[in-house]
Every structure is written in C-alpha cells, then in structure tokens.
Amino acid sequence: MKYKYTYKKFSSNSPLITFVHGAGCDYSFWALLNRFFFFRGFSTLAISLPGHGDNFEKGLNSIDDMALYISKIIKKYSSKKNILIGHSMGGLICISSIVNKLFDIHKVILIGVSYPMKVSESLITMSKRNKEEAIINMINWSLPSETKLRGSQLIGFSLPNFVYTLMKKTSEDNLYRDLKACNNYFISDNNINNFDTPCLIICGKKDIMTPIKGSSNLTKYFINSTFDIIENCGHFHVHEKSNEVRSLLKKYIET
C-alpha cells in the first residue's frame, strides 16, 4: 500500500499538528517530531506532496497549488486548534495557506524559511538535467562542514546519507518543480504586516540555503512573530540540532 500521508489521532478534542516537508523530501522527514508530539497529547498529520515519497500523483507547479492540496487533507481531520509546521518549501506552503485563508490556523512554525526564497539559476538548471547531482550539491550547501563530518545529535545517524536517500525517492522532475515553485513564490505587498497568526520562525546561523536575512524578513509580514536562531546549524535543523528544535517547538506550542 502506498501512503500519501500519515495521520495519528490522539483524541477527538486534541489539537492537530500538521507537518509540511521541503523540496524533494516526504513525510518521513518528520518521523521523530511526529512521534514526540503524539505522545504528548497531540493528533499529528504528516503529508507527502504529489510526486514525493510514496505519493505518485502528478507533481504540482506552484506553492499555492501545494497549499490547496494540503488544505483538502487537513480539512478531513481539522481540529479547533490547527498548528502548521513547515520546513523550507513547506514553510512557504504554510504561508500560502494563511495568505489565502484556506482554513483556520491557530499557530504556525516556519523552519529554514526565507522570503523571498530565491534559488540559483544554476541549481534549477542542474535539477532538471541531473537530479542526483543537484541533490549532492544541495546537501553540500545545506550542511556545515562539522555536521557532514560528525553527523547530527542523533547517534549513528549519517545526515548526508539520510537526506540523499530521502530526496532520491522524489520523482524525476519533481525536485525541479519544487525549486522553481520556491523561486517564483510571491506575496503581494498588500499583505505586509497583515498576518496576525502567531508565528515562530527558526533559522540556522550557518544556513546558506535560507540565510538569516531572508528568514528575519518574514517578521515584516507576521505582526505576532517570535524569531530564534540556532547556533552552528545549517538547513536541516530538525536533524542537525534535534534537541534544540524540539525544545523550541514544545515551548512555543504548549504556551
């Protein structure tokens, strides 16, 4: 059986946390956090976008289309308190859900998200010509040298190998679609300072893919935002600095 998402119901009145992955990934990116929050009284939903992981539907070309796709799934399991957590491209999808008022959102957490999220033309071209080469380059740019050498906080876990294996599962043209969608995403200036959804923004100090300047730019849009920088961290915060990320999320969600 092929799975497009995984849903775990804690109780009929528990808040729902929805996890939205980044470019080239799938719902398994969130496995540890998914389990962590379920055992703390939250229902959880982790979605694989079309063309990612075991979701063999045709890939989508825009962030807005991806937001509409996840909203249809979320509405099946919607709670009085819907909490969105997005990484990288997944964060843009969360933002689009807010911009277009697709469903009620209690809180949103954006990890490794910058705006605008401009992608180098050379990487976009490479992702179309040779997906595996593009993945290797993304890993090299995404992780600090010490992380590539010593791994993450998870003992025995090779983060470069994990990311490569995860992204290689994505259908052949979908990494290209994802990167183009990120590069093309635009928020109307009319929406600046117009989002009152509580928002936690997390960025890595050594993140080259979505640097601090681009992440801090999001505070102009979210009038009720908290901004945190994780030291010695690249683009895959959830796995590089799992303890710090988990603590920040828990504190923010439970207050």
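**Exercise 1: Salt bridges**

Find how many salt bridges this predicted model contains, and work out which parts of the chain the bridge between E57 and K4 ties together.

*Solution.* Begin with the rule, under which a side-chain nitrogen of Lys or Arg must lie within 4 Å of a carboxyl oxygen of Asp or Glu. By this rule the model has 7 salt bridges. One that can be followed in detail joins E57 to K4, whose closest N and O atoms are 3.3 Å apart. Next, place the two residues along the chain: E57 belongs to the loop between β3 (43-47) and α2 (63-77), while K4 belongs to the segment before β1 (5-8), so the pair ties together parts that are 53 residues apart in sequence. Finally, look at how accessible the partners are, for which the partly exposed class lies between 20% and 50% relative accessible area. E57, with 31%, is therefore partly exposed, and K4, with 37%, is also counted as partly exposed.

**Exercise 2: Two further pairs**

Describe where the partners of the salt bridges E132 with K168 and K205 with E231 are placed in the chain.

*Solution.* Take the pair of E132 and K168, whose side chains meet with an N to O distance of 3.5 Å. This pair links distant parts of the chain, since E132 sits in helix α5 (residues 131-142) and K168 sits in helix α7 (residues 159-168), 36 residues apart. E132 has a relative accessible area of 35% and is partly exposed, and K168, at 38%, is partly exposed.

Then turn to K205 and E231, which form a salt bridge at 3.6 Å, N to O. K205 is found in the loop between β6 (199-204) and α9 (212-216), and E231 in the loop between β7 (225-230) and α10 (237-240), so this bridge ties together parts 26 residues apart in sequence. K205 is partly exposed at 47% relative accessibility, and E231 is partly exposed at 44%.

**Exercise 3: A helix crossing**

Decide how helices α1 and α11 are oriented to each other, and name the residues that make their contact.

*Solution.* The axes of α1 (residues 31-38) and α11 (residues 242-254) come within 12 Å and cross at roughly 40°. An angle under 35 degrees would count as roughly parallel, and roughly perpendicular begins at 65, so α1 and α11 are oblique to each other. The crossing of α1 past α11 is right-handed. On the α1 side the contact is made by L33, F36 and F37, and on the α11 side by R246, L249, K250 and I253. Sorted by class, this contact has 5 nonpolar, no polar and 2 charged residues.

Conventions:
Residues are numbered from 1 along each chain as its sequence is written. This is a predicted model: local features need pLDDT of at least 70, side-chain atom pairs count only at pLDDT 80 or more; totals for chains, interfaces and linings use all residues. Side-chain values use heavy atoms; hydrogens and water are left out. Axes are lines fitted to C-alpha atoms, for helices over the stretch in contact, and angles run from 0 to 180 degrees between N-to-C directions. Helices (H or I, at least four residues) and strands (E, at least two) are DSSP runs, numbered from the N terminus. Angles under 35 degrees count as roughly parallel, over 145 as roughly antiparallel, 65 to 115 as roughly perpendicular and the rest as oblique. A crossing is left-handed if the near helix is turned anticlockwise from the far one by less than a right angle, and right-handed if clockwise. Contact means heavy atoms within 4.5 Å. Ala, Val, Leu, Ile, Met, Phe, Trp, Tyr, Cys and Pro count as nonpolar, Asp, Glu, Lys and Arg as charged, and the others, Gly among them, as polar. Buried means under 20% relative accessible area, exposed over 50%, partly exposed in between (1.4 Å probe, protein chains only).
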